[in-house]
Amino acid sequence: NLHAALTWSYDRDPAFPSRLAGLLRWYWNFTDLAIIAESWYQRVLALYKPTPVTPARALALLGLGLITADLHSPQAARPFLEEGLAGWQAVKDPERLRESFMMLIYTLLYSGEAATVCTLCAQQEAFLRATLTPFTLVHIFIFWGRALVVAHCDFAAAQSLSEQAQR
């Protein structure tokens, strides 16, 4: 029982429920348990005052950013994702950094900042392409392609990214 594990570990080891909640981010998102997820993310993140940079905290921030984007708005998710992104940079975890970047460009795109998405992706292209996670790379290409169309009407570049995402 995940709820029991989170509850039991909450007072014993703040890193464990933070990691577990963070690892559940896609499960909670795809199973429509976002309200439960948001509650747990807020609880575990409250354990970290003042804010140390830890992988567990960065994972919980990534989860809260994902859930907040779906429950509330992309704009509301941005501060959590930016803080989590900084955390992944500090602890040097490139794959989670790329996933956080993916979620950040999603929030920027759907906040009307398509030109910013294009700039960020162009600046980080080599780093982004080095991902070992197809899910992340495909979504980065999709969001970047949409941003190219919205910001620059560059359908050819968007088509190219779409084709690369399908390989």
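This is a short tour of the model, stop by stop, with something to select at each one.

**Before you start**

You are looking at a predicted model, in which local features need pLDDT of at least 70 and side-chain atom pairs count only at pLDDT 80 or more, while totals for chains, interfaces and linings use all residues. Residues are numbered from 1 along each chain as its sequence is written, and side-chain values use heavy atoms, with hydrogens and water left out.

**Stop 1: the whole chain**

Show the cartoon and you will find 11 helices and zero strands; these are DSSP runs numbered from the N terminus, with helices being H or I of at least four residues and strands E of at least two. Along its principal axes, the C-alpha trace spans about 55 × 30 × 30 Å. The radius of gyration is 16 Å, which agrees with the value near 15 Å for a compact globule of 167 residues; the radius is taken over C-alpha atoms, and the globule rule is 2.2 Å times the number of residues to the power 0.38.

Now colour by burial: 43% of the 167 residues count as buried, meaning under 20% relative accessible area, with exposed over 50% and partly exposed in between (1.4 Å probe, protein chains only).

**Stop 2: the largest core**

Select Ile105, Val117 and Cys121, the residues with the most contacts inside the largest nonpolar core, which has 31 residues. Such a core is a set of buried Ala, Val, Leu, Ile, Met, Phe, Trp, Tyr and Cys residues joined through side-chain atoms within 4.5 Å. Two or more residues each come from α5 (55–71), α6 (74–91), α7 (94–109), α8 (114–123), α10 (134–152) and α11 (155–165). The most come from α7, which gives eight residues.

Stay on Ile105 and show what surrounds this residue. Leaving aside neighbours within four places in sequence, Ile105 is in contact (heavy atoms within 4.5 Å) with Val117, Cys121, Ile140 and Phe143.

**Stop 3: the second core and Ala21**

Next, select Leu20, Ala34, Val44 and Ala60, which are among the 16 residues of a second, separate core. Then move to Ala21 in helix α2 (residues 15–23). Ala21 is buried, at 0% relative accessible area. Not counting residues up to four places away in sequence, Ala21 touches Leu6, Trp28 and Tyr41. Draw a distance to Val44 as well: the two C-alpha atoms are 8.2 Å apart, although these positions lie 23 residues apart along the chain.

**Stop 4: aromatic pairs**

Show the rings of Phe, Tyr and Trp (its six-membered ring); they pair if their centres lie within 6.5 Å, and planes under 30 degrees apart count as stacked, over 60 as edge-to-face and the rest as tilted. There are six aromatic pairs. Trp26 and Phe30 are stacked, because their centres are 5.5 Å apart and their planes lie at 25°. Both are in helix α3 (residues 25–30), and being four residues apart, they are separated by about one helical turn. Phe30 counts as exposed, at 60% relative accessibility. Add Phe135 to the selection, and you have a cluster linked by ring pairs.

Now pick Trp28 and Tyr41, whose centres are 5.5 Å apart with planes at 80°, so the pair is edge-to-face. Trp28 lies in α3 and Tyr41 in α4 (residues 34–45), so the pair ties together parts 13 residues apart in sequence. Both Trp28 and Tyr41 are buried.

**Stop 5: charges over rings**

Finish with two arginines. The charged end of Arg43 sits over the ring of Trp40, 4.2 Å from its centre, and Arg98 lies over the face of Phe127, 4.0 Å from the ring centre. The rule here is NZ of Lys or CZ of Arg within 6 Å of the ring centre and within 35 degrees of the ring normal.
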